[in-house]
Amino acid sequence: MHTELAEPFDLDKARLYIVPIDADDVVLVDQDENPYRLLRRTRHHPPVLAGCLVATGWCAPFGLDDDACAVPPSDHPLRQRVRLTVAVTDAGIASVIRRSDQPDEVHSLPSRGIGDLPDVLDAWWCST
């Protein structure tokens, strides 16, 4: 069966994948329009080696001198679509972003990320 790939910067739902302890494959657990609701809804999961959330959204441009955080990214006049992939394991959280203006460049975030998502993902990881 042939499956069409979704537009990489316009997923209709965030997707949560896991690597179960007793399996070699990555498994799609669930998907939802709201990544926070998705993580809260799937909090009671079996032990896993890793979890990965993939979502798209808006981002204010990187590296501008103006206060890009003064408005929500979706309202910023120079906003752009991004695809965010956030993985969590016992070692911590790693995040990468691809931007629609440079779709072949992968930007690794230097830390676990900012905002509520890393905290919600940590809570998901610690729940069983």
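**Figure 1. Arg81 and Arg79 lie over the face of the Trp58 ring.** In this predicted model, look for the ring of Trp58 and then for Arg81, which lies over the ring face at 4.8 Å from the ring centre. Now find Arg79: this residue also lies over the face of Trp58, at 5.0 Å from the ring centre. Keep Arg81 in mind, as Arg81 comes back in the next view.

**Figure 2. Asp101 sits in a loop and makes a polar contact with Arg99.** The loop that holds Asp101 runs between β5 and β6 (102-108). Is Asp101 buried, partly exposed or exposed? Its relative accessible area is 48%, so Asp101 is partly exposed. The side chains of Asp101 and Arg99 are joined by a polar contact of 3.1 Å. Here is Arg81 again: in sequence, Asp101 and Arg81 are 20 residues apart, and in space their C-alpha atoms are 8.1 Å apart.

**Figure 3. Asp30 of strand β2 makes a polar contact with Arg41.** Strand β2 covers residues 27-32, and Asp30 is part of this strand. With 26% relative accessibility, Asp30 counts as partly exposed. Which residues does Asp30 touch, leaving aside those up to four places away in sequence? They are Ala14, Arg15, Leu16, Leu38, Arg41 and Thr42. Between the side chains of Asp30 and Arg41 there is a polar contact of 2.8 Å. Lys13 is 17 residues from Asp30 along the chain, and the C-alpha atoms of these two residues are separated by 9.5 Å.

**Figure 4. His76 is a buried residue in a loop.** You can find His76 between β3 (48-59) and β4 (80-89), in the loop that links them. Why does His76 count as buried? Its relative accessibility is 3%, and buried means under 20%. A polar atom of the His76 side chain lies 3.0 Å from the backbone nitrogen of Leu78.

**Figure 5. Helix α2 has buried residues along one face.** In α2 (residues 116-126), the buried residues are Leu117, Pro118, Leu121, Trp124 and Trp125. Imagine looking down the helix axis: these residues fall within an arc of 120°, so they line one face of α2. A handy rule helps here: an α-helix has 3.6 residues a turn, so residues three or four places apart point the same way. What do the buried residues of α2 pack against? Their partners are β1 (14-20), α1 (35-41), β3, β4 and β5 (92-99). Turn to the other side of α2, and you will meet Asp116 and Cys126, which are exposed.

**Figure 6. Trp124 and Trp125 form a tilted aromatic pair.** How many aromatic pairs does a search of the whole structure find? The search finds one. In this pair, the rings of Trp124 and Trp125 are 6.4 Å apart, centre to centre, with 40° between their planes. Both Trp124 and Trp125 are buried.

**Figure 7. The protein chain has two helices and six strands.** To place the close-ups, follow the elements from the N terminus: they run β-β-α-β-β-β-β-α. The chain has 128 residues, of which 34% are buried. Among contacts with a separation of 6 or more, 51% are between residues 24 or more positions apart. About 8200 Å² of the protein chain is exposed, and carbon and sulfur atoms supply 54% of this area.

Notes
Residues are numbered from 1 along each chain as its sequence is written. This is a predicted model: local features need pLDDT of at least 70, side-chain atom pairs count only at pLDDT 80 or more; totals for chains, interfaces and linings use all residues. Side-chain values use heavy atoms; hydrogens and water are left out. Helices (H or I, at least four residues) and strands (E, at least two) are DSSP runs, numbered from the N terminus. Buried means under 20% relative accessible area, exposed over 50%, partly exposed in between (1.4 Å probe, protein chains only). A polar contact is a pair of N or O atoms within 3.5 Å; within protein, one must be able to donate a hydrogen and the other to accept it, and residues adjacent in sequence count only if both atoms are side-chain atoms. The arc is that of the directions from the helix axis to the C-beta atoms. Contact means heavy atoms within 4.5 Å. Accessible areas come from the Shrake-Rupley method with a 1.4 Å probe; for residues, only the protein chains shown count as cover. Rings of Phe, Tyr and Trp (its six-membered ring) pair if their centres lie within 6.5 Å; planes under 30 degrees apart count as stacked, over 60 as edge-to-face and the rest as tilted. A charge sits over a ring if NZ of Lys or CZ of Arg is within 6 Å of the ring centre and within 35 degrees of the ring normal.
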